[in-house]
Amino acid sequence: MKTQYVLSLLLLYVILFVGWQPAQAQDSTATDSVSIEDIRRQMEESQSKEQPKSPVPVQQPQSVRATSANLNPDISAITDFRSLYTSRGDRNWDAYLQGVELNLSAAIDPYARADIYPVFEGEKGQLDAKIEEAYLQSLSFPYGLQLKVGRFRQSFGRINTVHRHALPVIDVPVAYEAFLGEALTDQGASLSWLLPNQAFYQELIVSVTRGPDENPLFATSDGNVPLKLVHLKNFWSLTDNATLELGLSGAMGSNEVQKTSKLGGIDLTYIWKPVRFNTYKSFKWQSEFFFSNTEIALDNNINAWGMYSWMQYQLSRRWFVTGMYSYTEDPNIRNIEEQGISATFGWYATEFQKLEFGPKLSTDNGFSDTTFSGLFRWIFVIGTHGAHKY
Amino acid sequence: MKQSYAITISVLALFMLFFSVMSASAQVKVVTTLPDLASITKYVGGDQVDVFSIAKGYQNPHFVDPKPSYIVKLSRADMFVTVGLDLELGWAPQLLQSSRNGKIQKGNPGYVDVSEEIALLQVPTTTSREEGDIHIYGNPHYWLDPVRGKQIAQNIYRHLVQINPKNQAEYTKNLKAFDDKIDQKLVAWQQKMSPYQNTEVIAYHNEWVYFEQRFGLKIVDFLEPKPGIPPSPSQLVKIINEVKSRNIKILINSPYFSSSSPEVVARNTGIQIVPLATMTGGYDGIKDYFDLFDYNINKLVQALGNNQSTN
């Protein structure tokens, strides 16, 4: 079974690599949504039709005026609708609303801004309301410092701070889920320092939080043990078109049995995006490795590790394909492994709407059980939603 | 234990102080979103400014990637210059928020939105995304009018004086020289374009309205059915029919749009594709704001002249 996985993985990566030819991408012609045959057919049909008129009315110049509405926060709502087929269980097909995420975002005053994310999410359409994140972020601390206070996704690795709708895969990697759960979100304070490094970008983040309510590794301590986290982000612009990011993360806190859990992480991301045609072509290779040490009783520790790696290739302005492999050990139970391999095809209608679909093969319980899934999701956004991080 | 804490904190404080001193400089450090704003800032600020543009001249200004390396530049800037009107909405606010630099946040002298006092065109009366990527405050490509470029320079000047009043005399002299050069060049540019007034053309994206109005072109349609929406087959059919019926000779493309759709129209109609620069640095040889208009006017005059002589 392992051999099949390795072969599948290699095949997927070879397909992605063969398709990726950055050196030849001086001009990405034939990338608009144009079908020559469609045009020929429609031209024949339109021969007798009346010709259209100019679409742009000329207006008199105007200036921007401030109104009280400018003081309202930016508001957006993001809906995640899904459908799936699975080979496991009695009910093999389903369609449901995975969740709706709201975002309110605005400057509080000249010194800070706030982001609030109320969400409605749950299992298979049974939605519960909760506050995913609600935090204040300073804008003008001295010495390159930035303070974040409230409830927020912790800066552990690459994808923990990214909301699911913005990921290029439908299901999160099994390794991420095993070590960080739905997401490592907690309440407390985080201080980020932009290191005065002249050669490349370096950011050091240190946070102290109360301990999360639901997480595979960490829990709220009955005593005075907070969750401590540190993340060092290193970023290099290799060329105008290529960047590399290396992140190192560490977290330590109390676990469910009131002992200590430790989690380490390494993330590596390479992005190629030609500046001139960045809306047509891109390639992203992202990998994360997790290492944990969980104390389940006195002198009884479990060491576990997991990883995922995905490659995303942009085929044209609207089409993306992502191949992902993930492997993990269970950080709380010895000798339990899980792995998954998936391909995701994404069609991005605009920045505000995307459809993604693809197959996924996963195995668990020491690879004795194999599940095949076909996944589909439709993400749509209304309102003003800010950019996601690079 | 306490002693080691004190030593660590002292070392960190010295480290920060060292780099703060190292980064001190007499020049005003300016980061602009677009290279045209960088060019105008350089004209007004002269040797007193050190300017960096985030976007490249051949890049689509709506879709710049907010790379962390830009945060480093912004963290050290005295002034941030933006087109505003939500043109850079997808990338500039995130960079600004991460910069940890109070001097360049909105409301401070270091934050310069050069759309202040600009007379805007195509301000929508209704705002819905059904209309595509519309800009609710008006068309933001106003730097493509050199007269509005004078207002941009004026806005930059006002903030430079606030930040660095001791060099006001030099900024004033530079601003006057910039305005004079615009006035002088404008006459020449308009003279070159005068034989081609109201010539009908097609463009890829709705980004030429200010240029069109200043130099007397008439853009009758766009390859994009709605702003930001890629050309569809039905839109290209519409354009092909329009080009044939109105005998349109020129299709304006921009450096960052695929040539595939323009080529489809050209193959079916014989229309000439004229790639024009939307920003300084868009093509080789366009080194500053004046080169931008020199290049575009010369390209247009050459293409329009060729078509006139072949008719």
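Which residue does B:Thr32 stand opposite in strand 3 of chain B? In this predicted model, the residue facing B:Thr32 is B:Val81. The two strands concerned are strand 1 of chain B, covering residues 28-32, and strand 3 of chain B, covering residues 79-82; three bridges hold the pair together in the parallel sense.

That pair belongs to a bigger arrangement in chain B: an open sheet of four strands, laid out in the order 2-1-3-4 with parallel pairing. At its edges sit strand 2 (49-53) and strand 4 (111-113) of chain B, each of which pairs on one side only. Going from one strand to the next, the twist averages 20 degrees. Packed on this sheet is helix 2 of chain B, made of residues 35-45, which touches strand 1, strand 2 and strand 3 of chain B. The direction of helix 2 makes about 175 degrees with that of strand 2 of chain B.

Over in chain A, the strands described here pair in the antiparallel sense. As a general point, strands of a sheet pair through backbone hydrogen bonds, and the pairing can be parallel or antiparallel. Strand 14 of chain A (residues 337-350) is joined to strand 13 of chain A (residues 319-329) by eleven bridges. Within this pairing, A:Phe320 has A:Gly346 of strand 14 as its bridge partner.

Strand 14 of chain A also runs antiparallel to strand 15 of chain A (residues 353-364), this time with nine bridges. Here A:Thr350 stands opposite A:Gln353 of strand 15. Just two residues lie between strand 14 and strand 15 of chain A, and the two strands form a hairpin.

Technical notes: Residues are numbered from 1 along each chain as its sequence is written. Chains are lettered from A and ligands numbered from 1 in the order in which they are written. This is a predicted model: local features need pLDDT of at least 70, side-chain atom pairs count only at pLDDT 80 or more; totals for chains, interfaces and linings use all residues. Side-chain values use heavy atoms; hydrogens and water are left out. Two strands pair if DSSP finds at least two bridges between them. Axes are lines fitted to C-alpha atoms, for helices over the stretch in contact, and angles run from 0 to 180 degrees between N-to-C directions. Contact means heavy atoms within 4.5 Å.
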